[in-house]
Amino acid sequence: MLRRWLIISRKLAERISSNSIKMRIAIDLTATPKNKTGIGRYMLGLLKGLQEVDKENEYYLFAQDDDLDGFGIYAPNFHMIPVKSSIMRKTYVRILWEQVVFPWRVRKVKADVLHCPNYTMPYLLKLISSKTKVATVFHDMTYFIHPEYLVGWKCKMFQWYIKRSARRADKIITISENSKTDIPNFCKPRNKDIAVTYMGVKEDFFNSVPADTELLNKYGINKKYIIYVGTLEPRKNVPGLLRGYANMSEEIRNEYKLVIVGKKGWYYDEIFDTANSDPRLKENVVFTGFVEDEDMMRLMRSSSAVAYLSFYEGFGIPVIEGMASGVPTVTTSLSSLSEVAGDCCFLCDPASDTDIAKALQKAVSGSKALENGEVEAINNRDKALERAKYFSWQNCAKATINAYNSMN
């Protein structure tokens, strides 16, 4: 499936370069926080890829004025349009701005396409600028499949947004075949031809420098470790990871810490309650909080295993980052995660503490085999590295441009 998608992407790129009509494309970045995780990292990667592969179309990027330098824009055909951050950091004001003011700003730049990266879109736009096509990104269907993991009011709001956007958007973009299958089960897309644009991995992960003693000391890491990277929220199943780690042998826990990297999201109390209530965990778990990419890449490179055990994901970038770092990676057999991992990761049932412990044990054993230069372990690492290379932001950008072109 992945190889077929890559072949199609290459053919589409050739068609784009020779036959595409120059477009004016607006992208809404106003909901992206300064500390970019999740959708923020998606936009950073996509914008990097678009700048590398598209020298023809003109891009107009609406972003908060205190973060104009935070998106890595350098290409002359990409134009930043500032929006006042002093009002946009307030959620209700930003929503009002998106629905009432933003449509007129988009019309002013005479956009042929508006790309909305986070389920929503300005519904007034279709009334005042019928020529502007709208592509909106539905990353996954968490709001319908696992509402129990989300803040109640926010979940209801996004369920409403998703249903309404699906009926009005000219194109829905999603990030995996699994999400493409899920979407029509919960809404009625106006355009049933949903575009899949696999996310990419930052190239720096392939060549990152291992963490030195100074960096490890900075985060309180004094022995080998298993690492998790992601927001602390219920869907990510961090309590399950903690319990799985606790179920490993005392000998392994004495040799390997568990390092949890990520900022607090919502409903995170269970995570800290689990870590503090189990004596097997108290001295062996490190919470770093949010870590900048440069440090995070080095910490991942130096880890003995990467664990990302989410119950549901539209894609799961940390899985690819773990493979790109050359580290044995553990993930789950659910949603898109097995689609992304292929046969290059250790898969487990995220609801089973015992199964998690077994998968972590296999990953740690794989790490030791790598240290010992065992041929099978080296071959497995190289296969994972090759798979990770399939997921590039350039390919994501090409597929996204094709989605834009398909609306014109």
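The following legends describe close-up views of a predicted model.

**View 1. The whole protein combines 18 helices with 13 strands.** The radius of gyration is 22 Å, close to the 22 Å that the globule rule gives for 408 residues, so the protein is as compact as a globular protein of that length. Its C-alpha trace extends over about 65 × 45 × 40 Å along the principal axes. Of the 408 residues, 57% are buried. Among contacts with a separation of 6 or more, 68% are between residues 24 or more positions apart. The protein exposes about 17600 Å², of which carbon and sulfur atoms supply 51%.

**View 2. Ile-27 lies in the largest nonpolar core.** This core has 94 residues, and Ile-27 and Leu-299 are those with the most contacts inside it. A second, separate core has 35 residues, including Ile-81, Phe-144, Leu-150 and Tyr-161. When neighbours within four places in sequence are left aside, Ile-27 is in contact with Met-43, Leu-47, Leu-50, Tyr-59, Tyr-60, Leu-61, Phe-62, His-115 and Tyr-404.

**View 3. Strand 4 pairs with strand 1 and with strand 5.** Strand 4 covers residues 113-116, and its residues are buried: Val-113 and His-115 point one way, while Leu-114 and Cys-116 point the other way. Strand 1 (residues 24-28) runs parallel to strand 4 and is joined to it by three bridges. Within this pairing, Ala-26 has Leu-114 as its bridge partner. Strand 5 (residues 133-137) is also parallel to strand 4, with four bridges between them. Here Cys-116 stands opposite Thr-136.

**View 4. Six strands form an open sheet with parallel pairing.** The order of the strands is 10-9-8-11-12-13. Strand 10 (285-289) and strand 13 (346-348) are at the edges; each has a single partner strand, so one side of each is left without a neighbour in the sheet. Direction ignored, neighbouring strands of this sheet are turned by 25° against each other on average.

**View 5. Helix 16 packs on the six-stranded sheet.** At one edge of the sheet, strand 12 (residues 329-332) pairs with strand 13 in the parallel sense over three bridges. In this pair, Val-330 is opposite Phe-346. Helix 16 (residues 353-371) touches strand 8 (224-229), strand 9 (256-261), strand 11 (305-308), strand 12 and strand 13. The direction of helix 16 makes about 170° with that of strand 13.

**View 6. Helix 13 places several buried residues against helices and strands.** Helix 13 spans residues 293-302, and Asp-295, Met-296, Met-297, Arg-298, Leu-299 and Met-300 are buried in it. Of these, Leu-299 also belongs, with Ile-27, to the residues with the most contacts inside the largest nonpolar core. The packing partners of the buried residues are helix 2 (39-53), helix 9 (213-218), strand 8, strand 9, strand 11 and helix 14 (317-324).

**View 7. Asn-284 is a buried residue in a loop.** The loop connects helix 12 (269-277) with strand 10. Asn-284 has a relative accessibility of 9% and therefore counts as buried, the cut-off being under 20%. Not counting residues up to four places away in sequence, Asn-284 touches Lys-223, Tyr-245, Arg-253, Lys-257 and Leu-258.

Key. Residues are numbered from 1 along each chain as its sequence is written. This is a predicted model: local features need pLDDT of at least 70, side-chain atom pairs count only at pLDDT 80 or more; totals for chains, interfaces and linings use all residues. Side-chain values use heavy atoms; hydrogens and water are left out. A nonpolar core is a set of buried Ala, Val, Leu, Ile, Met, Phe, Trp, Tyr and Cys residues joined through side-chain atoms within 4.5 Å. Buried means under 20% relative accessible area, exposed over 50%, partly exposed in between (1.4 Å probe, protein chains only). Contact means heavy atoms within 4.5 Å. Helices (H or I, at least four residues) and strands (E, at least two) are DSSP runs, numbered from the N terminus. Two strands pair if DSSP finds at least two bridges between them. The radius of gyration is taken over C-alpha atoms; the globule rule is 2.2 Å times the number of residues to the power 0.38. Accessible areas come from the Shrake-Rupley method with a 1.4 Å probe; for residues, only the protein chains shown count as cover. Axes are lines fitted to C-alpha atoms, for helices over the stretch in contact, and angles run from 0 to 180 degrees between N-to-C directions.
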